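Dear colleague,

Please find below the structure I am handing over to you, followed by an account of what was found in it.

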Amino acid sequence: MTRWRVIAVGVTWMFIALPAVAMQKITGTIRGTVTDPAGGVIVGAEVTVINEETRLSRTTTTGADGGYVVPELPLGIYRVEASFQGFKKAVHTGVQLHVAGTAVVNITLTPGAVVEEVTVEASPLIVETSKGEVSGLIQGVQVRELPLNGRSFVQLTTLMPGVAPADNFDTKNKGLFAAIDMSVSGGATNGNLWTVDSVNNNDVGSNRTVLVFPSIDAIEEFRIHRNSYGAEFGQAGGAQINIVTRSGGNEFHGSVYYFGRNDRLNATDYFLNLGGQKKAPLRRND
């Protein structure tokens with residue numbers, strides 16, 4: 001009896017010792033309501049979402065309230081189709097889905113033959129109405145085309161309201177040589193969590209450096225969750241910098257870059273000239 005009691009206590013402590021780790025959300029959700037022209041909800045309508053780059057498709061049906069939800073979708077541009085017997089098929093194109101975002105696509109079906117189709121092009125600006133978090137999105141085209149010293153994406157975090165870099169905020173170096181010290185919404189500089197595809201990317205020793213710097217050509221986009229974010233984000237009390245890498249499509253794509261710095265292109269400092277000194281060497285080839 002004593003032996004079984006010891007085993008039971010050991011198992012209990014094992015489960016108590018397991019850490020509760022939140023998984024950062026790197027996918028998106030499409031949701032909405034299907035109605036008729038009079039505003040009545042349509043129950044049992046078939047809704048299909050299709051990724052326009054990979055042709056990934058998911059199908060669901062509307063519930064008793066006419067609503068549908070398609071969660072855990074990879075980032076990208078989607079086509080949303082809805083159909084029901086006795087109504088024309090409705091298609092919404094160009095639905096942009098961002099990291100940890102929700103796109104609300106409400107669809108109105110008009111009476112007619114099922115073979116007929118009504119196409120609506122989605123607005124490129126979608127306002128988040130399903131949650132109240134304070135966050136900012138940096139898209140991949142901004143990462144790749146804005147001028148960045150040393151090709152370091154961390155500089156783009158300072159574009160967000162409420163982000164205040166410390167004096168030693170370093171964008172020239174990478175890894176343990178850099179100090180990514182910034183206060184977000186008044187929080188501590190070492191209270192932020194950096195993730196890449198939902199994996200913790202912080203140096204857990206100091207919690208103020210980023211270990212892996214993805215190439216800016218490989219970043220799909222990243223979101224800075226500054227305040228009032230959901231329970232799926234944890235492990236830190238400050239901001240959550242949620243980076244997602246590019247996944248590609250069904251066609252081959254590639255890119256080539258060269259980043260160069262050379263002191264021959266720099267003017268000599270006034271005080272170095274005054275003292276007859278040469279410029280400090282600066283040679284970087286990436």
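I begin with one residue, Arg208, which counts as partly exposed at 30% relative accessibility. Please bear in mind throughout that this is a predicted model.

Arg208 belongs to a salt bridge with Asp181, in which the side chains meet at 2.7 Å, N to O. The two residues come from distant parts of the chain, 27 residues apart: Asp181 sits in the loop between strand 11 and strand 12, and Arg208 in the loop between strand 14 and strand 15. Unlike its partly exposed partner, Asp181 is buried, with a relative accessible area of 5%.

**Overall description**

The protein comprises three helices and 18 strands. Of its 286 residues, 37% count as buried. The accessible surface comes to about 16,300 Å², and carbon and sulfur atoms hold 56% of that surface. Among contacts with a separation of 6 or more, 62% are between residues 24 or more positions apart.

**The five-stranded sheet**

Five strands make up an open sheet of mixed pairing, in the order 10-15-16-13-14. Strand 10 (134-139) and strand 14 (199-200) are the edge strands; each has a single partner strand, so one side of each is left without a neighbour in the sheet.

Within this sheet, strand 15 (residues 219-227) and strand 16 (residues 240-245) run antiparallel and are joined by six bridges. One residue pair to inspect here is Ile224 with its bridge partner in strand 16, Ile241.

Strand 16 also contains Asn242. Is this residue buried or exposed? Asn242 has a relative accessible area of 1%, so the residue is buried. A polar atom of its side chain lies 2.7 Å from the backbone oxygen of Lys25. Beyond its neighbours within four places in sequence, Asn242 is in contact with several residues, including Lys25, Ile26, Val99, Ala100 and Thr195, as well as Glu221, Phe222, Arg223, His225 and Phe233.

**Nonpolar cores**

The largest nonpolar core has 24 residues. Those with the most contacts inside this core are Val143, Phe153, Ile180, Trp194, Phe222, Ile241 and Ile243. Two or more residues are given to the core by each of strand 12 (182-184), strand 13 (193-196), strand 15 and strand 16. Of the contributing elements, strand 15 gives the most, with three residues. There is also a second, separate core of 20 residues, which includes Val47, Val49, Val80 and Val105.

Phe153 merits a look in the larger core. Residues up to four places away in sequence aside, Phe153 touches Val143, Leu148, Trp194, Phe213, Pro214, Ile216, Ile219, Phe222 and Ile243.

One of these contacts, Pro214, is found in the loop between strand 14 and strand 15. Its relative accessible area is 12%, so Pro214 is buried. Although Pro214 and Phe153 are 61 residues apart along the chain, their C-alpha atoms are separated by 8.4 Å. Leaving out neighbours within four places in sequence, Pro214 is in contact with Phe153, Val196 and Ile219.

**Salt bridges**

A search of the whole structure finds eight salt bridges. Side chains of opposite charge can pair when their charged atoms come close. Besides the pair described at the start, two others are set out here.

The side chains of Glu117 and Arg79 meet at 3.8 Å, N to O. This pair links distant parts of the chain, 38 residues apart, with Glu117 in strand 9 (residues 117-121) and Arg79 in strand 5 (residues 76-83). Glu117 counts as partly exposed at 44% relative accessibility, and Arg79 is also partly exposed, with a relative accessible area of 23%.

Asp217 and Arg151 form a salt bridge at 2.5 Å, N to O. Here 66 residues separate the partners: Asp217 lies in the loop between strand 14 and strand 15, whereas Arg151 lies in the loop between helix 2 (140-145) and strand 11 (163-165). Both Asp217 and Arg151 are buried.

Finally, salt bridges with shared partners join Arg79, Glu81, Lys89 and Glu117 into one network.

Yours sincerely

Methods
Residues are numbered from 1 along each chain as its sequence is written. This is a predicted model: local features need pLDDT of at least 70, side-chain atom pairs count only at pLDDT 80 or more; totals for chains, interfaces and linings use all residues. Side-chain values use heavy atoms; hydrogens and water are left out. Helices (H or I, at least four residues) and strands (E, at least two) are DSSP runs, numbered from the N terminus. Buried means under 20% relative accessible area, exposed over 50%, partly exposed in between (1.4 Å probe, protein chains only). Contact means heavy atoms within 4.5 Å. Accessible areas come from the Shrake-Rupley method with a 1.4 Å probe; for residues, only the protein chains shown count as cover. Two strands pair if DSSP finds at least two bridges between them. A polar contact is a pair of N or O atoms within 3.5 Å; within protein, one must be able to donate a hydrogen and the other to accept it, and residues adjacent in sequence count only if both atoms are side-chain atoms. A nonpolar core is a set of buried Ala, Val, Leu, Ile, Met, Phe, Trp, Tyr and Cys residues joined through side-chain atoms within 4.5 Å. A salt bridge is a side-chain nitrogen of Lys or Arg within 4 Å of a carboxyl oxygen of Asp or Glu.
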